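Biologist: Could you take a close look at one part of this model for me? I'd like to hear what surrounds it, and then how the rest of the fold fits in.

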Amino acid sequence: MSLRFAYNTNGTANHRLADAVDLIAEAGYQGVALTLDIHHLDPFAEHWVQDAQALSSRLQRLGLGVVIETGARFLLDPKAKHEPTLVSGDAAGRARRVGFLKRAIEIGDILHAEAVSFWAGVPKPGIDHAEARHWLNEGLVAVTEYARAKGVVPCLEPEPGMLIETLDDFAALSVDGLHLALDTGHCLVTGERDPAAAVAEFNDRIGTVAIEDMKRGEHIHLPFGEGDMDVPGVLDALDAVGFQKLVCVELSRESHRADVMVPASLQFLRDCRKHKAEPVH
């Protein structure tokens, strides 16, 4: 079975959601990674259910799968990027993050999403990391239990600089039903593993994959060909484990030229697969 590619809407921030979905479909992707945000299916809007149902109909009509992403910058707090989190010192803030993730799961249920992806957060200075891990575990249990009840796959994404930063951090968690959201570029940032090796090692726990280019040690999502990622090697590794879920291109800094980057990114990936298929003389 061929690999299935999606494009993350955080890289189409200057497009209306319907236009972004059409752009992604017309380019030839098999899915959309939907970052819930104020302008792209606001999960706190009055008519969020109707918005989700309308989007579900559109995706089904276009034959697109979907993964829900929850990394919007100022959705919960307009004055603090990515706050509050599952490791915030304020209990009410942590509860708000859990509530948002439950809403994301509800939207994922409506959209028949393959997965809902989220991350731990960064402990503020002065926060005891042991206590933060306790808070994190409480939040993860609440979210995964809710996801299980809804039939949605919950995926935690290790993020450079966050409490759960590496794949080893993820592996140390013991939360039943929690899957891995593997961003292959993050392996280059932390230097923990070769991205292809990470695919092979964690394939039985991966719920969704993000792919882009990155330079080693630098957490900047780059267009393909501008970093150190062995993209063909990662795709070969996904092939080798029979990966059938969406592989999501995440270029959050490229919204200003999404009209170019959406089709160009898929063409790059297709070229990688084309070379694999060519016979060796």
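Modeller: Let's start with S265 and its company: setting aside neighbours within four places in sequence, S265 is in contact with Y7, Y29, F224, V249 and L251. Keep in mind that this is a predicted model. S265 sits in helix 9, which covers residues 258–277. Is S265 buried or exposed? With a relative accessibility of 2%, S265 counts as buried. Its side chain still has a polar partner, as one of its polar atoms lies 2.7 Å from the backbone oxygen of M261.

Now for the barrel. Eight strands close into it, in the order 1-2-3-4-5-6-7-10, and the pairing is parallel. On average, neighbouring strands of this sheet are turned by 30° against each other, direction ignored. As background, strands of a sheet pair through backbone hydrogen bonds, either parallel or antiparallel. For one pair in detail, take strand 5 (residues 154–156) and strand 6 (residues 179–183), which pair in the parallel sense over two bridges. There, L156 stands opposite L180 of strand 6. On another part of the barrel, helix 8 (residues 231–240) lies across strand 1 (4–8), strand 7 (206–211) and strand 10 (246–249). Helix 8 runs at about 165° to strand 7.

Strand 2 (residues 31–35) is worth a stop too, and T35 belongs to it. T35 counts as buried, at 5% relative accessibility. The side chain of T35 makes a polar contact with the side chain of N8, at 2.7 Å. Beyond four places in sequence, T35 is in contact with N8, T9, N10, H40, E69, G71 and A72.

N8 also gives us a reference point for A20, which is placed in helix 1 (residues 17–27). The C-alpha atoms of A20 and N8 are separated by 9.6 Å, with the two residues 12 apart along the chain. A20 is buried, its relative accessible area being 0%. Away from its neighbours within four places in sequence, A20 is in contact with T12 and H15.

What about the nonpolar packing? The largest nonpolar core has 82 residues, and L34 and I68 touch the most other members. Helix 3 (residues 91–111) supplies the largest share of this core, seven residues. L34 itself is in contact with T9, L17, H40, L41, L55, V66, V67, I68, E69 and L111, again leaving aside neighbours within four places in sequence. Another core, of eight residues, lies apart from the largest one and has A6, A181, L246 and C248 among its members.

Last, the cysteines, since you may be wondering about crosslinks. How many disulfides does the structure hold? It holds zero. A disulfide is a covalent bond between the sulfur atoms of two cysteines. Why is C187 not in one? The closest cysteine sulfur to that of C187 is in C155, 15 Å away, so the two are too far apart for a bond. C272 is in no disulfide either, and the nearest cysteine sulfur, that of C248, is 17 Å away. Both cysteines are buried: C187 has a relative accessible area of 2%, and C272 has one of 11%.

Conventions: Residues numbered from 1 in each chain as written. Predicted model: local features only at pLDDT ≥ 70, side-chain atom pairs only at ≥ 80, totals over all residues. Heavy atoms only, no water. Pairing = 2+ DSSP bridges. Helix = DSSP H or I, 4+ residues; strand = E, 2+ residues; numbered from the N terminus. Axes fitted to C-alpha atoms, helices over the stretch in contact; angles between N-to-C directions. Contact = heavy atoms within 4.5 Å. Buried < 20%, exposed > 50% of the residue type's maximum accessible area, 1.4 Å probe, protein only. Polar contact = N/O pair within 3.5 Å; in protein donor to acceptor, adjacent residues only side chain to side chain. Disulfide = S-S within 2.5 Å. Core = buried A, V, L, I, M, F, W, Y, C linked by side-chain atoms within 4.5 Å.
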